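Notebook open, coffee poured. I want to look through this fold piece by piece and jot down what I find.

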Amino acid sequence: MNQSILLHRVLPMSKRWIATQAGKGSTVIDATAGNGNDTKFLAELVGEEGHVYAFDIQKEALDSTHARLVEHGLEQRVTLIQDSHANVATYVDRPIDAAMFNLGYLPYSDDLSVITRAESTIAAIDAMLDLLKKDGIITVSVYDGHPGGPEERDALMAYVRTLHQKDVHVARFELLNQRSNPPHLLAFEKMRDFTSHERIENN
Ligand SMILES: C[S@@+](CC[C@H](N)C(=O)[O-])C[C@H]1O[C@@H](n2cnc3c(N)ncnc32)[C@H](O)[C@@H]1O
């Protein structure tokens with residue numbers, strides 16, 4: 001099979017973006033722990049002095065993530081939280097360097113109807129932009145091939161347009177000529193210190 005460098009690097013690009021702004025000692029968030037691949041990556045990235053907060057609404061996902069962390073001796077660096085990422089402010093009250101979202105459903109789950117939804121995804125990104133340090137990065141892997149995916153994608157794009165460029169830069173990385181529905185990536189970079197009530201209106 002043809003190995004496409006671009007296709008294989010759409011999702012890994014999120015790790016490269018995160019790794020430019022987070023490293024040893026950083027505080028970061030995995031907003032959608034799932035099977036723990038990204039949580040493991042983040043735990044390794046922040047090292048022993050850093051910390052990862054990993055959210056998922058499904059116990060099955062957090063169990064899977066926990067097992068993966070234990071297997072690699074990384075569980076001390078991670079707080080697992082079974083709640084919606086929209087409630088991040090309840091659990092994280094310190095500045096963060098980066099956050100990762102991987103939207104959609106839990107791969108290999110018996111119940112593929114549990115998916116991320118626009119309302120909570122946007123509330124979570126918005127709350128994490130407040131927590132984010134200046135120059136910090138949030139990445140979002142967006143899938144639109146499953147029921148509910150296109151609605152979430154469109155709502156996200158509408159949300160992005162409400163953010164003023166002096167506050168946040170938003171980039172989109174995608175393959176443009178694919179027939180299937182490959183994921184695309186959004187990256188949010190915080191350009192100045194602000195909390196939500198200090199944001200600039202984007203007219
Ligand atoms: C595509 S999977 C994540 C994959 C994961 N990053 C990995 O490395 O395996 C999406 C996850 O988001 C979770 N999820 C859905 N809604 C959520 C919410 N409101 N807050 C937190 N997690 C949510 C699902 O349960 C699912 O496990």
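**Entry 1: the ligand shell.** I began with the residue classes around the ligand: the shell holds 12 polar residues, six nonpolar and two charged. This is a predicted model, so I keep that in mind throughout. Which residues come nearest? Out of the 20 around the ligand, I noted Thr32, Gly34, Asn37, Asn102 and Leu106 as the nearest. I also looked up which elements contribute: α3 (37-46) and β2 (51-56) each give the shell at least two residues.

**Entry 2: the sheet.** Next I traced the strands. Seven of them make an open sheet with mixed pairing, and I wrote the order down as β3-β2-β1-β4-β5-β7-β6. Which strands are at the edges? They are β3 and β6 (168-173), each of which pairs on one side only. From one strand to the next, the twist averages 15°.

Then I checked two of the pairings. β4 (residues 96-102) runs parallel to β5 (residues 132-142), with six bridges between them. One example is isoleucine 96, whose bridge partner in β5 is leucine 132. β2 is also parallel to β3 (residues 78-82), here over five bridges. For alanine 54, the bridge partner is leucine 80 in β3.

**Entry 3: the crossover and the helix in it.** I followed the chain from β2 through helix α4 (residues 59-71) to β3, and the three make a right-handed β-α-β unit.

**Entry 4: helix α3.** I came back to α3 since it had turned up in the ligand shell. How many of its 10 residues are buried? I get seven, so the helix is largely enclosed by the rest of the structure. The buried ones are Asp38, Thr39, Lys40, Leu42, Ala43, Leu45 and Val46. A charged side chain type such as Lys turning up on that list made me look twice. The cover over these buried residues includes α2 (12-21), β1, β2, α4, β3 and β4. Right after the helix comes glycine 47, with a positive phi near 70°.

**Entry 5: positive phi elsewhere.** Most residues other than glycine have a negative phi, so I looked for exceptions. Tyrosine 108 is one, with a positive phi of about 70°. I found tyrosine 108 in the loop between β4 and α6 (118-131). Is tyrosine 108 buried or exposed? It counts as exposed, because there are 10 C-beta neighbours inside 10 Å and the cut-off for exposed is 12 or fewer.

Aspartate 135 also has a positive phi, about 75°, and is not a glycine either. Aspartate 135, though, lies in strand β5. With 13 other C-beta atoms within 10 Å, aspartate 135 is partly exposed.

**Entry 6: tyrosine 91.** Last stop. Tyrosine 91 sits in helix α5 (residues 88-91). What does tyrosine 91 touch, leaving out residues up to four places away in sequence? The contacts are Tyr53 and Ile81. Isoleucine 81 is 10 residues from tyrosine 91 along the chain, and their C-alpha atoms are 8.3 Å apart. I counted tyrosine 91 as partly exposed because it has 13 C-beta neighbours inside 10 Å.

How values were computed: Residues numbered from 1 in each chain as written. Predicted model: local features only at pLDDT ≥ 70, side-chain atom pairs only at ≥ 80, totals over all residues. Near = placed C-beta within 6 Å. Helix = DSSP H or I, 4+ residues; strand = E, 2+ residues; numbered from the N terminus. Buried ≥ 20, exposed ≤ 12 C-beta atoms within 10 Å, placed from the backbone. Contact = placed C-beta atoms within 7 Å. Pairing = 2+ DSSP bridges. Right-handed = clockwise from strand over helix to strand, strands pointing away. Axes fitted to C-alpha atoms, helices over the stretch in contact; angles between N-to-C directions.
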